[in-house]
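Me: Could you take a close look at one part of this model for me, the salt bridges and the residues that form them? I would like one connected walk-through.

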Amino acid sequence: MAKGIREIKRQIKSIQNTRQITKAMEMVASAKLRKAQEKAQASRPYVEKLKEVVTSIASGSDGVSHPMLVSREIKRTAYIVITSDGGLVGGYNANLLRMVMDEIKHKHTSAEEYGLFVMGRKGRDYFNRRGLPVVESVTDLSDTPKFADIKSLAFAAVQGFELEQYDEVYLCYSRFINAITQRPTVDRLLPFDKVEQNHDVKAEVEYEPSPEAVLEVLLPKYAETLIFSALLEGKASELGAKMTAMGSATKNATKMINELTLTYNRARQAAITQEITEIVAGANAQG
């Protein structure tokens, strides 16, 4: 019985140490989440305003066109997938990757029909293990990423569409709702949704040298901005998922400690009772 009691005590100590770690990780994720959430939310108005300007040019000027606004026959598709570098984030990666794989299986019959641009080690390793075509990847991103960190990947994906290497581009990320809820999302990035021409409304702004020239510069930047905004959403989602997962782990550890403590006390009480019984029995035998 003594051996059993010592084993239970060692288990309690081990779980207490684990709980300290998970509690610390929860607090760190919570502190980082506030900054990431602020950045993600701050990017949304900028993206909306940029979209408003693009829409204004396309709808308010006659004869304005751009390859990014034109749909063509779909022969090859690019997917930009945003995952985390590390684990301990609950179902954050698994839920998104499952959605991406469902999308791929539904739309494609061979690996030649699509290419993958991946951010995060978890996504890169996941696709590599399955032999899927990873065109370019970026890993070791900080919790406060900068556009320069993903500029080459974003440029490659957007340029691939412009050069007709890909006929459509999808953005796959987890949209941040709150610390508990992150929504896996697959949005079409390119071509942009066609804007209905409104001939009754004339543009109130004159663009120099021409609306076409402005769109030529603005649309690629707009696409890259959407990619970076999705990365900020993904980072906020990742930290929210980590905070929630570590919080659940801490609660589970506390529950296990309470149960083991109860078992330990019962075992110790039983051992003491047995020792008392043996002492009394020995005394009676001698008497």
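Reply: Happy to help. A residue is called buried when its relative accessible area is under 20%, exposed when that value is over 50%, and partly exposed in between. Please keep in mind that this is a predicted model.

Let's start with Glu233. This residue has a relative accessible area of 2%, so it is buried. Glu233 forms a salt bridge with Arg44, and the closest N and O atoms are 2.6 Å apart. The two partners come from distant parts of the chain, with Glu233 in helix α5 and Arg44 in helix α1, 189 residues apart. Arg44 is partly exposed because its relative accessibility is 25%. Arg175 belongs here too: salt bridges with shared partners join Arg44, Arg175 and Glu233 into one network.

Next comes the pair of Asp140 and Arg121, whose side chains meet in a salt bridge at 2.5 Å, N to O. Asp140 sits in the loop between β3 and α4, while Arg121 is in helix α3, 19 residues apart. Asp140 is exposed, with 57% relative accessibility, whereas Arg121 is partly exposed at 27%.

Asp125 and Arg124 make another salt bridge, with 3.2 Å from N to O. Asp125 is partly exposed at 27% relative accessibility, and Arg124 is also partly exposed, at 24%.

As background, side chains of opposite charge can pair when their charged atoms come close. Across the whole structure, a search finds 11 salt bridges, including the pairs of Glu233 with Arg44, Asp140 with Arg121 and Asp125 with Arg124.

Technical notes
Residues numbered from 1 in each chain as written. Predicted model: local features only at pLDDT ≥ 70, side-chain atom pairs only at ≥ 80, totals over all residues. Heavy atoms only, no water. Salt bridge = Lys/Arg side-chain N within 4 Å of Asp/Glu carboxyl O. Helix = DSSP H or I, 4+ residues; strand = E, 2+ residues; numbered from the N terminus. Buried < 20%, exposed > 50% of the residue type's maximum accessible area, 1.4 Å probe, protein only.
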